Amino acid sequence: MKLEWSHTVLNIKDSVKILQFYTKTLGFNLSDRGPLAENGPEIIFVSQDSDEHHQLAFIVGREDVDKSTSLNHLSFRVKTFDEVYEVKERLDSADVEYLPLCHGNALSLYFNDPEGNGIEVFFDTPWDVAQPQGVVWDTSLTEKEALEWVERTFEKEPTFAKREESAREFVNRK
Ligand SMILES: [Fe+2]
């Protein structure tokens, strides 16, 4: 048996703000929306993956966005460094603050959606290193400069290695 991750559903309060953020700033597409049952709350489905009807769904009816939830963050991978930069620029134009954090194996941006749900967008570096790790990185660097910085910053870690050469064993790795 293998459970493959499909989607996450968030309870939300303001569907206009949330949809604006997830579609305009983060680039999700609206798949469907409608009431969950007769007179039930609305559910809104979004996706960026043609194989997933929804990667995220929002159920409108969260009462108090100030209350903390058990969700720490949702995380999304981008395939290129340029896309991390594009997300950074989109966050800048939407006036969304972010924390650029490098885990050695990833260059990440952490930020919140309009209702305080944590989000990470990350780009895999060519390296593997035991986790957790976290060092703030400079988003003004080019890809080449950023990767050189990652190597300099993490190479002293005993487990630091090229991804394909890493001898580290962890769950699900053959
Ligand atoms: Fe994460």
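## Fold, domains and iron site of a predicted model

Residues 24 or more positions apart account for 55% of the contacts in the protein with a separation of 6 or more. The model is predicted. Three helices and 11 strands are found in the protein, and from the N terminus on they follow the order β-α-β-β-β-β-α-β-β-β-β-β-α-β. Along the principal axes, the C-alpha atoms fill a box of roughly 60 × 45 × 30 Å. Of the 174 residues, 40% are buried.

**Domains and their interface**

The domain assignment divides the protein into domain 1 (8-60) and domain 2 (73-165). Taken over C-alpha atoms, the centres of domain 1 and domain 2 are 26 Å apart. Contact between them involves 16 residues of domain 1 and 13 residues of domain 2. About 1100 Å² is buried between the two domains, and carbon and sulfur atoms give 71% of that area. Phe-21, Thr-25 and Leu-26 supply 43% of the area that domain 1 buries against domain 2, more than any other three residues.

What polar and charged pairs cross the interface of domain 1 and domain 2? Five residue pairs are in polar contact between the domains, while the count of salt bridges across the interface is zero. On the side of domain 1 that touches domain 2, strand S1 (8-12) and helix H1 (15-25) are the elements that give two or more residues. The largest share of this side, six residues, comes from H1.

Helix H1 can be described further. At its start, a side-chain oxygen of Asp-14 reaches to within 3.1 Å of the backbone nitrogen of Val-16. Within H1, the residues Ser-15, Ile-18, Leu-19, Phe-21, Tyr-22 and Thr-25 are buried. Just after H1, Gly-27 has a positive phi of about 85°.

**Iron site**

Which residues coordinate the iron ion? The donors are His-73, through NE2, and Glu-120, through OE, at 2.1 to 2.3 Å. The two ligands link distant parts of the chain, with His-73 in strand S5 (residues 73-78) and Glu-120 in strand S8 (residues 118-124), 47 residues apart. His-73 is partly exposed, with a relative accessible area of 32%, whereas Glu-120 is buried, at 6%.

**Salt bridges**

The protein has seven salt bridges. Three of them are listed here with their N to O distances.

| Pair | N to O distance |
|---|---|
| Glu-86 and Arg-90 | 3.1 Å |
| Arg-163 and Asp-124 | 3.5 Å |
| Glu-148 and Lys-144 | 3.0 Å |

Glu-86 and Arg-90 are four residues apart in helix H2 (residues 81-93), so about one helical turn separates them. Glu-86 is partly exposed, with a relative accessible area of 40%, and Arg-90 is partly exposed at 29%. In helix H3 (residues 143-154), Glu-148 and Lys-144 are likewise four residues apart, which places them about one helical turn from each other. Here Glu-148 is partly exposed at 36%, but Lys-144 is exposed at 61%.

The pair of Arg-163 and Asp-124 ties together parts that are 39 residues apart in sequence, because Arg-163 lies in the segment after strand S11 (161-162) and Asp-124 lies in strand S8. Arg-163 is partly exposed, with a relative accessibility of 31%, and Asp-124 is partly exposed at 26%. Both residues also belong to a network of salt bridges that includes Arg-77. Strand S8 thus holds Asp-124 as well as the iron ligand Glu-120.

Key: Residues numbered from 1 in each chain as written. Predicted model: local features only at pLDDT ≥ 70, side-chain atom pairs only at ≥ 80, totals over all residues. Heavy atoms only, no water. Donors = N, O, S within 2.8 Å, 3.2 Å for Na, K, Ca; no water. Buried < 20%, exposed > 50% of the residue type's maximum accessible area, 1.4 Å probe, protein only. Domains from an automatic or database assignment. Contact = heavy atoms within 4.5 Å. Buried area = accessible area lost by both parts, 1.4 Å probe. Salt bridge = Lys/Arg side-chain N within 4 Å of Asp/Glu carboxyl O. Polar contact = N/O pair within 3.5 Å; in protein donor to acceptor, adjacent residues only side chain to side chain.
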